[in-house]
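Good morning, and thank you for making time for this short presentation. Please look at the sequence and the structure on the screen while I speak.

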Amino acid sequence: MLQLQDSLLRSWGEAKEGPLFSPLSPATMLRLGDGRIVCAWNDHEGREWLRKMGPQWACGVRTPLVLGVSADGARTWPKRKILEGKLDLADPMAYWYCYVAMLELPDRLLLAYSAEGELNAMKVVSVPKAWLPEK
């Protein structure tokens with residue numbers, strides 16, 4: 001067991017903060033066949049005003065759901081597009097988009113995720129690769 005743990009530490013290194021600001025739900029990444037990495041996450045970069053509205057906003061907002069593309073091994077995400085962006089100021093949990101699964105097909109990505117405020121309600125979306133942000 002110790003040998004396995006040592007091997008994992010050599011492969012992965014120590015955990016450190018990354019460039020994605022997504023405070024509540026996990027990001028999902030997939031390496032595309034062309035080597036780029038696509039990521040789906042709740043992009044809260046530039047939304048510092050959420051934290052000022054109280055704890056339900058700082059932690060409870062799982063929108064927008066953004067697709068980003070990285071060509072430098074996930075160090076930076078310069079190109080992003082909003083996949084889902086609804087926000088209800090009266091009910092911060094009305095529109096949740098989270099827990100994404102992705103599959104690459106020859107000309108598109110299939111995404112499945114929890115949607116519309118119900119963690120047991122799923123949405124499946126087909127996104128043409130041409131829609132993704134360019135390198």
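Let me begin with a question: is Ser-114 buried or exposed? Ser-114 is buried, since its relative accessible area is 4%, and the cut-off for that word is under 20%. Please keep in mind throughout that we are looking at a predicted model.

Where does Ser-114 sit in the chain? Its place is in strand S6, which covers residues 108–115. Beyond the residues up to four places away in sequence, Ser-114 touches Trp-96, Tyr-97, Cys-98, Tyr-99, Leu-119, Ala-121 and Met-122. For one of these partners, Tyr-97, there is also a C-alpha distance: the two residues are 17 apart along the chain, and their C-alpha atoms are separated by 5.5 Å.

Let me now step back to the whole chain. There are three helices and seven strands. Read from the N terminus, the order of elements is α-β-β-α-α-β-β-β-β-β. The chain has 135 residues, and 35% of them count as buried. If we take the contacts between residues at least 6 apart in sequence, 47% of those contacts join residues at least 24 apart. The accessible surface amounts to about 8,300 Å², and carbon and sulfur atoms account for 57% of that surface.

I turn next to Asn-42, which is placed in strand S2, residues 37–42. Asn-42 counts as buried, because its relative accessibility is 2%. Which side chain makes a polar contact with the side chain of Asn-42? The partner is Ser-25, at 2.3 Å. In addition, a polar atom of the Asn-42 side chain lies 3.4 Å from the backbone oxygen of Pro-64. Setting aside neighbours within four places in sequence, the residues in contact with Asn-42 include Phe-21, Ser-22, Arg-62, Thr-63, Leu-65, Tyr-97 and Cys-98.

Pro-64 deserves a moment of its own. This residue is in the loop between helix H3, residues 55–60, and strand S3, residues 65–70. The peptide bond that joins Thr-63 and Pro-64 is cis, with omega at about 0°. As background, most peptide bonds are trans.

Pro-64 brings us to a further residue, Glu-84. Glu-84 belongs to strand S4, residues 79–84, and it touches Thr-63, Pro-64, Leu-65, Tyr-97, Tyr-113 and Lys-123, if residues up to four places away in sequence are not counted. Why is Glu-84 called buried? The reason is its relative accessible area of 9%, set against a limit of under 20%. With which residue does the side chain of Glu-84 form a polar contact of 2.6 Å? It does so with the side chain of Lys-123. The C-alpha atom of Glu-84 is separated by 9.5 Å from that of Leu-67, a residue 17 places away along the chain.

A further charged residue is Arg-36, in the loop between strand S1, residues 28–31, and S2. Arg-36 is buried too, with a relative accessible area of 11%. The side chain of Arg-36 is joined to the side chain of Asp-34 by a polar contact of 2.8 Å.

Let me move on to backbone angles. Most residues other than glycine have a negative phi. What is phi for Ala-74? The value is near 75°, which is positive, in a residue other than glycine. Ala-74 lies in the loop between S3 and S4 and counts as buried, as its relative accessibility is 19%. Tyr-99 also has a positive phi, near 55°. Tyr-99 is located in strand S5, residues 97–104, and at 39% relative accessibility it counts as partly exposed.

Finally, I come to the open spaces. Rolling a probe the size of a water molecule over the atoms shows where empty space is left. How many residues line the largest pocket? There are 14 of them, and those nearest its centre are Glu-14, Ala-15, Lys-16, Glu-17 and Gly-18. The volume of this pocket is about 310 Å³. Sorted by class, its lining consists of seven nonpolar, three polar and four charged residues.

To close, I return to the opening question: Ser-114 is buried, and its place is in strand S6. Thank you for your attention.

Technical notes: Residues are numbered from 1 along each chain as its sequence is written. This is a predicted model: local features need pLDDT of at least 70, side-chain atom pairs count only at pLDDT 80 or more; totals for chains, interfaces and linings use all residues. Side-chain values use heavy atoms; hydrogens and water are left out. Helices (H or I, at least four residues) and strands (E, at least two) are DSSP runs, numbered from the N terminus. Buried means under 20% relative accessible area, exposed over 50%, partly exposed in between (1.4 Å probe, protein chains only). Contact means heavy atoms within 4.5 Å. Accessible areas come from the Shrake-Rupley method with a 1.4 Å probe; for residues, only the protein chains shown count as cover. On a 1 Å grid over the protein atoms alone, a cavity is a set of points where a 1.4 Å probe fits but cannot get out, and a pocket is an open set with protein on both sides within 12 Å along at least five of seven lines; lining residues have an atom within 4 Å of a point. Grid points are joined across faces, edges and corners, and a volume is the space filled by probe spheres set on the points. Ala, Val, Leu, Ile, Met, Phe, Trp, Tyr, Cys and Pro count as nonpolar, Asp, Glu, Lys and Arg as charged, and the others, Gly among them, as polar. A polar contact is a pair of N or O atoms within 3.5 Å; within protein, one must be able to donate a hydrogen and the other to accept it, and residues adjacent in sequence count only if both atoms are side-chain atoms.
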